[in-house]
Amino acid sequence: MLYIDFHKRLTALVLLLGSSSVLATSPVEPGGEYEQALELTPNLENGKKSYMMCTICHRPEGWGREDGMFPQIAGQLASVTIKQLADIRARNRDNPTMRPFTSARLLGGVQEIADVAAYIENLPMNPRNGVGSGNDLARGETIYEKECTECHGAQGEGDREDHIPSIQGQHYRYLMRQFEWIRHGKRRNVDPKMVKQIKRFTGRDVMAVMDYTSRFKLPAEKVATPGWQNPDYPKYARQPMPHTPYTPRYRRPVPPPRPASGMY
Ligand code: HEC
Ligand code: HEC
């Protein structure tokens, strides 16, 4: 049932957006969008409108899901969100689920990218993101300090100038997935230096360092107060998210039950 609701809502939103002012007036040429969007002054009011589409998956609060299917994006540095959106549009980062929503037709041009990225950065973050087992944190700390601080910062706060993602407060399972995808080259848009540096990690190393990363204490001004809901979406039906949308195309027919032996 929930699965159907999810798709109904998705279709309704697409139709709604197709006819609303969120629609692009002048789509831009692919490429160079990152640099262009950075130059613009964002409009938060417009960002809020564009963000409506994103709520389908990232939720009104932008907190994603603990199981890692959707990342938390709330609080992410705007330059990082801009780069990810531009990369996804330019097919530099594969994200088949989300790509249609980043299209010029639905999201808009560079101005809309800048607007929505600024809106997202201003959303307070999930005070209870998903974390790992907690079994190997000392190892995680050693690795993090040696291999990650240089780029992602001592608390995983990222770097605006170099569009290095803030990874603090991210769900452990999402971190694990991205890290493995980066390591194995599935996610292509990453600094080759990072890829090289993490190639030799063992499975234990990866789990330890991601667990450690998922537990950074967020700066007070970035965290939502308990029970906070995004007031920009007061009527949003916040029912629990359905599980991974997946419909098998073919179901093996179930054979009729065998008659109990000795019946005939
Ligand atoms: C249909 C679902 C869906 C919609 C709608 C959607 N996203 Fe996403 N988004 C995803 C998924 C799934 C991922 C993670 C992809 C992966 O694992 O690489 C993601 C990842 C991202 C990321 C990268 C986060 C990171 O740290 O790696 C950003 C930024 C993002 N989305 C922003 C947006 C914005 C802005 C919108 C609205 C314009 C939007 N998304 C709409 C599903 C969606
Ligand atoms: C040389 C700099 C560098 C080093 C060292 C580095 N990273 Fe990264 N990392 C990046 C950049 C840049 C990105 C974003 C790439 C992009 O999509 O533009 C990234 C992306 C990530 C992501 C995905 C984040 C997201 O929101 O999608 C994770 C997780 C991550 N790094 C974890 C780590 C960890 C843990 C370490 C240490 C073991 C590490 N990185 C070391 C530069 C670095």
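A residue counts as buried if 20 or more other C-beta atoms lie within 10 Å of its own. The model shown in these views is predicted.

**View 1. Helix α4, residues 78–89, is mostly covered.** Of the 12 residues in α4, 11 are buried. They are Ala78, Ser79, Val80, Thr81, Ile82, Lys83, Gln84, Leu85, Ala86, Asp87 and Arg89. What do the buried residues of α4 pack against? Their partners are α2 (33–39) and α5. From first C-alpha to last, α4 reaches 16 Å. That is close to the 16 Å expected at 1.5 Å a residue. Just after the helix, Arg91 adopts a positive phi of about 60°.

**View 2. Helices α3 and α5 cross at roughly 90°.** α3 spans residues 44–58 and α5 spans residues 110–121. Their axes come within 7 Å. The two helices are therefore roughly perpendicular to each other. On the α3 side, the contact is made by Leu44, Asn46, Gly47, Lys48, Ser50 and Tyr51. On the α5 side, Glu112, Asp115, Val116, Ala118, Tyr119 and Ile120 take part. By class, the contact residues divide into 6 nonpolar, 3 polar and 3 charged.

**View 3. A shell of 22 residues lies around ligand 1.** Cys54, Cys57, Gln84, Met98 and Phe101 come nearest to the ligand. Gln84 is also among the buried residues of α4. Which helices each supply at least two residues of this shell? They are α3, α4 and α8. The largest share comes from α3, with 6 residues. The shell around ligand 1 has 13 nonpolar and 8 polar residues, with 1 charged residue.

**View 4. A shell of 23 residues lies around ligand 2.** The nearest are Cys148, Cys151, Pro165, Lys193 and Met194. Two or more residues come from each of α6 (137–147), α7 (149–152), α8 (172–183), α9 (192–198) and α10 (203–214). Which of the elements gives the most to this shell? It is α9, with 4 residues. The classes here are 12 nonpolar, 6 polar and 5 charged. Helix α8 thus appears in both ligand views: it supplies at least two residues to the shell around ligand 1, and two or more to the shell around ligand 2.

**View 5. Helix α10 packs its buried residues against α6 and α8.** α10 has 12 residues. It reaches 17 Å from its first C-alpha to its last. The expected value at 1.5 Å a residue is 16 Å, and the helix is close to it. Buried in α10 are Met207, Ala208, Val209, Met210, Asp211, Tyr212, Thr213 and Ser214. The packing partners α6 and α8 also contribute to the shell around ligand 2, as does α10 itself.

**View 6. Asn230 sits in the segment after α10.** Is Asn230 buried or exposed? Asn230 counts as buried, because it has 20 C-beta neighbours inside 10 Å. Asn230 and Pro60 are 170 residues apart in sequence. In space, their C-alpha atoms are 6.0 Å apart. Leaving aside neighbours within four places in sequence, Asn230 is in contact with Pro60, Glu61 and Leu123.

Notes: Residues are numbered from 1 along each chain as its sequence is written. Chains are lettered from A and ligands numbered from 1 in the order in which they are written. This is a predicted model: local features need pLDDT of at least 70, side-chain atom pairs count only at pLDDT 80 or more; totals for chains, interfaces and linings use all residues. Axes are lines fitted to C-alpha atoms, for helices over the stretch in contact, and angles run from 0 to 180 degrees between N-to-C directions. Angles under 35 degrees count as roughly parallel, over 145 as roughly antiparallel, 65 to 115 as roughly perpendicular and the rest as oblique. Two residues are in contact if their C-beta atoms, placed from the backbone, lie within 7 Å. Ala, Val, Leu, Ile, Met, Phe, Trp, Tyr, Cys and Pro count as nonpolar, Asp, Glu, Lys and Arg as charged, and the others, Gly among them, as polar. The expected span of a helix is 1.5 Å times one less than its number of residues. A residue is near a molecule or strand if its C-beta atom, placed from the backbone, lies within 6 Å of it.
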